[in-house]
Amino acid sequence: MLINNYNIEINKKDVKNINLKVYPDLSIKASVPKNMNISKVKTMVISKNEWIKNQLRKYEEQNRISKRKYVSGEDHYLNGKRYILRVYDSNTPSVKIEKNNILAMYVRKSSSIKNKEKLLNEFYKDNLKVKIDKFMPKIEEKIGVKSNSYFIRKMKNKWGSCNTDKKNIVFNLDLAKKKDVEIKYVITHELIHLIERKHNDNFRLLVNKYCPKWEQYHDSLNEVLNDNKMFEN
């Protein structure tokens with residue numbers, strides 16, 4: 001729907017308030033109560049015009065910067081910390097942390113950007129798997145649930161998702177770049193879906209119980225504009 005010259009995807013859900021979000025791919029989505037008049041949505045969007053413009057500008061800049069070439073001097077993140085990439089010529093491809101803030105990539109000079117990206121993503125995946133394998137069993141025991149399996153994938157608009165029928169969870173590969181407390185929050189969030197599928201009052205009560213500072217971690221992971229800090233699954 002075109003509102004104030006913005007193409008906004010409107011999703012009517014079982015929520016109490018409007019939940020407006022601008023995504024890194026520059027799409028804009030709004031979750032709204034099923035019985036809400038669309039005129040109220042338009043009024044809200046118009047009132048937040050400056051915020052939307054700033055978010056779009058920020059993501060456009062990030063997207064420009066994020067077009068990685070995987071050359072020495074680039075900034076990359078792991079576990080919430082900033083590292084400087086150093087690329088070395090080697091016939092044995094690998095990525096490792098060296099010194100305090102150096103992320104060393106050993107790769108052939110002829111290696112393509114795509115292959116370098118793949119190598120770094122494998123490094124991220126291995127690191128994230130270690131974290132999940134460490135945190136997840138303890139959180140499952142704390143909540144009293146048990147997942148069947150989990151997967152790590154690149155995801156555009158979600159930090160995680162839960163298939164409640166199969167009890168499978170998917171985690172965003174980019175979580176490897178985030179702090180431990182944020183990773184624990186996403187694990188907790190997805191595991192609670194095994195008890196409560198929807199983001200309703202009961203879901204929020206459970207999240208408050210098992211992750212009291214969830215709002216802080218939610219805000220640090222997602223810059224969301226809404227009326228009552230609703231979740232994005």
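Let's start with helix 1, which covers residues 38–47 of this predicted model. Its buried residues are Val41, Met44 and Val45. If you look down the axis of helix 1, these buried residues fall within an arc of 100°, so they line one face of the helix. Turn to the other side of helix 1 and you will find Lys40, Thr43 and Ser47, which are exposed.

Next, follow the chain to a pair of strands. Strand 5 (residues 75–78) and strand 6 (residues 81–89) run antiparallel and are joined by four bridges. Within this pair, Tyr77 stands opposite Arg82 in strand 6. The two strands form a hairpin with two residues between them, and in this hairpin Asn79 takes a positive phi near 55°. Strand 6 also pairs with strand 8 (residues 102–107), this time in the parallel sense, over six bridges. Here you can find Ile84 opposite Ile102 in strand 8. As a general point, strands of a sheet pair through backbone hydrogen bonds, either parallel or antiparallel.

Further along the chain there is an open sheet of three strands. Its order is 9-11-10, and its pairing is mixed. Strand 9 (149–153) and strand 10 (160–163) stand at the edges with a single partner strand each, so one side of each has no neighbour in the sheet. From one strand to the next, the twist averages 20°. Strand 9 pairs with strand 11 (residues 168–172) in the parallel sense, over five bridges, and Tyr150 stands opposite Ile169 in strand 11.

Now see how helices lie on these strands. Helix 3 (residues 113–143) lies across strand 9 and strand 11, and runs at about 150° to strand 9. Helix 4 (residues 180–192) lies across strand 10 and strand 11, running at about 150° to strand 11.

Helix 4 brings us to one more meeting place. How do helix 4 and helix 5 sit relative to each other? The axes of helix 4 and helix 5 (residues 201–210) come within 10 Å and cross at roughly 140°. That angle is not over 145 degrees, the cut-off for roughly antiparallel, and the two helices are therefore oblique to each other. The crossing in which helix 4 passes helix 5 is right-handed. To find the contact in the structure, look in helix 4 for Tyr185, Thr188, His189 and Ile192, which meet Phe203, Leu206, Val207 and Tyr210 in helix 5.

How values were computed
Residues numbered from 1 in each chain as written. Predicted model: local features only at pLDDT ≥ 70, side-chain atom pairs only at ≥ 80, totals over all residues. Heavy atoms only, no water. Buried < 20%, exposed > 50% of the residue type's maximum accessible area, 1.4 Å probe, protein only. Arc of directions from axis to C-beta. Pairing = 2+ DSSP bridges. Axes fitted to C-alpha atoms, helices over the stretch in contact; angles between N-to-C directions. Contact = heavy atoms within 4.5 Å. Parallel < 35°, antiparallel > 145°, perpendicular 65-115°, else oblique. Left-handed = near helix turned anticlockwise from the far one by under 90°.
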